[in-house]
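Good morning, everyone, and thank you for making the time. Please have the sequence and the model open while I talk, since I will move back and forth between the two.

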Amino acid sequence: MNFFLETLFGGLLAGTMYSLVAIGFVLIYKASGVFNFAQGAMLLFAALTCVSLQEAGLPFAAAVAASVVVMGLLALAIERAVLRPLVARSQITLFMATLGLSFIIEGLAQGLMGAEVRALDLGIDDVPVFVGDVMLSQFDLFAAATAAVLVLVLALLFNKTRVGVSLRAVADDTRAALSIGINLNRIWQIVWAVAGVVGLVAGLLWGARQGVQFSLSLVVLKALPVLIIGGFTSIGGAIVGGLIVGAAENLAEVYVGPLVGGGITSWFAYFLALAFLYVRPAGLFGERAIERV
Amino acid sequence: MSVPMPSGQILDVRDISLSFKGVKAISGLSFSVQRGEICALIGPNGAGKSSLLNVLNGVYRPDAGEVIFEDIHYRRITPLEAARRGIGRTFQNNALFKRMSVIDNILSGLSRHARAGFFAQALGLPPARREAREHRELAERTLAFLELQAHRDTPVGNLAYGLQKRVELGRALIAGPSLLLLDEPMAGMNADEKREMSRFVTEVNRGLGTTVVLIEHDIGVVMSLSSHVVVLDYGRKVGDGTPAEVRANPEVIAAYLGTVQ
Amino acid sequence: MTTFLRRVAVAAALAAAFCGHADAAPSEQFFPLATYRVGAYASSGIPVWAGMIDYLRYINEVEGGINGVKLVWQECETEWTAEKGIECYERFKKGLNGAPVAIYHPNGAPAAYALSDKAAADRIPLITLGYGRTEATDGAVFPHNFPVMLTFYSEASAVINYIAQREGGFAKLKGKKIATVYHDSAYGRETQGPLKLLAEKYGFENIQIPVADPGNEQSSQWRQVRQAKPDWVFLRTWGVSTPVAIKTAARFGFPADHIIGDIWASSNEDVLPAGDAGKGYLALTPYPGGADFDIHKRIKTHILDKGRSDLKDPKSFGSVYYNSGLVNAAIAVEAIRAGQKKFGNRPLTGDEGRWGLEHLNLDDARLKEIGFLGLMQRLQLSCSDHEGGGSVRVQQWDGKSWKLITDWVSSDRKTLRPLIDAKSAAYAREKGLVPRNCARES
Amino acid sequence: MSNLSHQLPAPFEHAPLALVPRAIPWGAAALLIVAFAGVPWLAGDYWLNAILIPFLVLSLAGLGLNLLTGYAGQTSVGSAGFMAVGAFATYAFLLRVPVLPLPVALLAGGAVAAAVGFVFGIPSNRIKGFYLMATTLAAQFFLEWVFTKFPWFYNHASSGTIAAPRLALFGHDISGPVGRYLLTLSVVTLLTWVARNLVGSRLGRNWMAIRDMDTAAAVIGIDVDHHKRLAFAVSSFYLGIAGALWAFAYLGTASASSFDINRSFQILFIIIIGGMGSVAGNFIGAAFISLLPIFLSQAGQALLGGNVDPGQIQNLQKIIFGALIITFLVKEPEGLVRLLAGLRERLAVWPLRF
């Protein structure tokens, strides 16, 4: 029973790491209707920028601040070069454009900052913590707390600021938002920048865990089932989806894995997502559009 | 429950109710359509006319009530089954296949009549070729009837709105439906185009004996084209009868004058 | 559009130029370098090419080539993929400006598999150190594949031998638990067969725990490890899954000094990202890290200090992957030297290169001579044995660098050879091949 | 059928008939003659092994995906998974039923892939768009896992790889570069012809109708669910055969990782660049995608020599590639095939316009 609880809690905590990546997706999808495959590349780019600056001698806080600026500039460039020319095109077209974008960002990241593995130390002791008999990871707790703070900050940003209100207007009804004079391009720039910063946070946490290197961009594949379960349009959904995927994946690997030879985490989350989809075709929290004909 | 339909009727709508997320779109609507007539549905925007058509051919699923079409009773039917039973349909905002040519759009209307199997088509075997040739002839005739030959190979997305309406009519027509549902077939047309479209509808109705249910805002067109008018307002029926009867109905006048100037 | 067409025209012209070079009498030996400097595995590749190029440069500039035959090399980027690997091979196989190819390093498992048949048809030997088909040890069935020094089977045996050494003899293995945490791929699974056999032989409990690719989240695996409480963990991950494994192990309280990394989990790049969690981590390797070997002193004086090194980051000098580049290059150079004894001091063809490899014999004296003693094990190849070595050294990470803690630990290749013979025979049947008769080869 | 025309009103009967006569595709015929008769004599090993064979196989894979995505409108990023099914199934047939001739084994492998594709296409009745794409990702990862997990699929080889058994056709050994090229070319020609038949027939029309608007397709009597599943099956058949050719005619030895997600993306790029909803576009896209990197690396090698880090050339190539994809999406969403058609139209009126 203890083992079960430990697996469950460990999985839930691990799931928040997925949620962190998924949140960036949700922001962009809500504001610009783009399924941003390049989120993984942005994560890599952000973390690599931060580590490179740190290596160049900047203190950690300054490096983070500078990375935030860089991600803002990247967002500006993306909005200009990709989103604006493709406005009003189909979602699939936009998705494919982000595939191209991910190539560019990955090429840039490795070209400018090298392909070596960089260690990243956030100064968190990664030693086990015991709650009763149940072992938890301090690092995971920290990551979960970070995710919570991030969600709180985002909630404040979207509910209390003018930018946030216009963003929600855009997400609700783009045409109506345009008609009341909201500058769509500006909103996109801001949202992509915020998503870049979310990517930075996720990139630093993932980077601390596995080293900052190319494979950081692969975490995007882990975030997809999370999005599907949670729905593309809900930050709450991204959190819940991450928790579900994390817990289910861990439980499945431990309890189902041995029956089929293990190593099932690569696809289990996707099948779980499929099962959810079959019941709710637009995710747990997503809303299914009524087809108007 | 299933009271038999009087002969001469092709469609009987009984107590249909439909709502979206708790908002009533149609409530307790009943009316019937005689075989061979042109029945017009009129009413202000949001009265539930399009929703009703969507219920009839299964795009929407009503909460209550029953539809009787020919000899089948249903509340919920799939659009596919409705098409197979002979209900043809055009849409308010044109539901054409925009990247396909005019002739391909018309041809697609025949697909439920096709018999050639997968391998016959894949390998270009004689049965498939013969069928394709026959279908093409029929499509060419439809094009000619609707005077669309000049646009045969144009992608419909590039056509003027009025022409698109005609293509959509052709696509529904070529399948030989016994009931044709036309959702604002003359929307956005000028007087000449409306006259032409009216002519097509009349010819289809008389030549083929196809029963037509259409939604139209232009009262003039409705009065000259149809033999039966049903008036809806806020999802309820407020009038039902010949054009003359409906024109004299005070409730109809109130509903109409209240919204349309 | 027109610029695009122009570009295509230039490309066609270039490609034509490549295909139709004039044949001159060869005076140089061509070393094709199929590299991977970008993509997911670039971080491990970059130091390898530096090691290879530095060694080739050292041979050319200090020793005047191999018995006077100068070496030329050219790079071709494969991104560790099979397609680009094939493209590079096809580009290179005819040689460079007349300089022939004697030996080819596919550098990457996908390319190695894809080139196996093609190289056999072109009669060019492939060296796959630490990857490739284990059953290619049987040179009778695989004349052109050379999984030299260490196959995954030998590696499995060597790790058990090392554990026995630590535990105080093979008798002590009985009842011990040895868990293998492996990357769930063909590479990761390859030790399952030999470990099963050895577990039966020595009576230890063989626990296998797979990590799905890419392996950046492993809490469920290490929770299983924690539950099973093994005495030792044999870590057969690769790429990003290694540092994640080391970190996650620490998170679950499993001691790093009881984890033994395999050949692909034994580099600086594998432990550096793990930070403090990697302190004490053990790893076995056929090419240990360290810059104190004799060859390093020579290369430092003649190449590095003259600014002629291919290394961009001098910190990597003596890193495990840099040293693997040295060892890979040295095997090829020595094989060509062996071939020259029979064919004369001239550039060799693929066939001659293969003969040289099958008659390669590096004993301690020769290793000392070329400066590789301690860095490279004794190696003797033959027609029936394309592996030759089978030993590893165990190194321990102290947080900054690797410290060698053992001499060469050999493997029990005799016990495992029947497994290999069965697989190579199955392959021969499948392909309808008639094995060579090694007794009649000279 | 004829009973339908009896119901037509008078104007229908008198309508003039204008059927377009079928033109003989001289261009295609000439291309085929060159490909079958000329290329084997002219091209060396490098062109056959490293460029033409993979180009043809990728074109075929692109064609398979294009049927599903470009024609039926269902985006898939699991193409490589279905290729793997075709490769491993063909291998199993060749290995375990040695009497089967190669073409039959290929067909059977394709059929198995089609069946698997059909199964993964079942959710398409409820799941749409990006959500459906996730289904195909599930297929990708699951199939990759299956073909590493169960040693039966690769005959218990220690390396997890499958190697081409002796390639022979009617007793002729075709394992040389020319033999493998001709095998690939024949298969691709045949399947391209079939694909042209399909997309020009009612089936292709129905797929396009579903792509353009699936609700309307159902309303006019097209069985949308059935056609979507059929598209998955047919597409997977093509991909399966492409996978078998990739493994045996091109690579020689393959494993599950030869069919990873990057291959799926590569095939998706082929159809984006070449042109969705076009048969010829797949060939153009595949040519582009297989030649561009080779051109860039050769050009880099030739122009810059050893002065530039080859890794940087590769990074640059990645950036160029990504930029090209975006440029295509912005400037020519219908792909290179449209661009070339435009060029041809302009050339046709050349003396007048230029």
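I will begin with chain B, then turn to its contacts with chain D, and end with chain A.

Before that, a word on the source: this is a predicted model, in which local features need pLDDT of at least 70 and side-chain atom pairs count only at pLDDT 80 or more, while totals for chains, interfaces and linings use all residues. Residues are numbered from 1 along each chain as its sequence is written, and chains are lettered from A, with ligands numbered from 1, in the order in which they are written.

Chain B, then, has ten helices and ten strands, where helices (H or I, at least four residues) and strands (E, at least two) are DSSP runs numbered from the N terminus. Its C-alpha atoms fill a box of roughly 60 × 45 × 35 Å along the principal axes, and 49% of its 261 residues count as buried, meaning that 20 or more other C-beta atoms, placed from the backbone, lie within 10 Å of the residue's own. The radius of gyration of chain B is 19 Å, which agrees with the value near 18 Å for a compact globule of 261 residues; the radius is taken over C-alpha atoms, and the rule is 2.2 Å times the number of residues to the power 0.38.

The domain assignment, which is automatic or from a database, splits chain B into domain 1 (1-86 + 177-261) and domain 2 (95-175). Their C-alpha centres lie 27 Å apart, and eleven residues of domain 1 of chain B are in contact with nine of domain 2 of chain B, a contact being two C-beta atoms, placed from the backbone, within 7 Å. On the domain 1 side, α7(B) gives the most, with four residues.

How are the strands of the open sheet in chain B ordered? The order of the six strands is β6-β7-β8-β3-β9-β10, with mixed pairing, and two strands count as paired if DSSP finds at least two bridges between them. Strands β6 (87-89) and β10 (236-241) of chain B stand at the edges with a single partner each, so one side of each has no neighbour in the sheet. Further in, β3 (residues 38-42) and β8 (residues 211-215) of chain B pair in the parallel sense over four bridges, and there Ala40(B) stands opposite Leu214(B). Helix α1 (residues 49-56) of chain B packs on this sheet, and its direction makes about 150° with that of β7(B), where axes are lines fitted to C-alpha atoms, for helices over the stretch in contact, and angles run from 0 to 180 degrees between N-to-C directions.

Now to the neighbouring chain: 45 residues of chain B are in contact with 34 residues of chain D. The largest share of the chain B side, eleven residues, comes from α5(B), and other helices that supply at least two residues each include α6 (161-173) and α7 (191-208) of chain B.

Chain A, finally, has eleven helices and two strands, and its elements run α-α-α-α-β-β-α-α-α-α-α-α-α from the N terminus. Its radius of gyration, 19 Å, is close to the 19 Å that the globule rule gives for 293 residues, so chain A is as compact as a globular protein of that length. Of those 293 residues, 57% count as buried.

How values were computed: A residue is buried if 20 or more other C-beta atoms lie within 10 Å of its own, exposed if 12 or fewer, and partly exposed in between; C-beta atoms are placed from the backbone.
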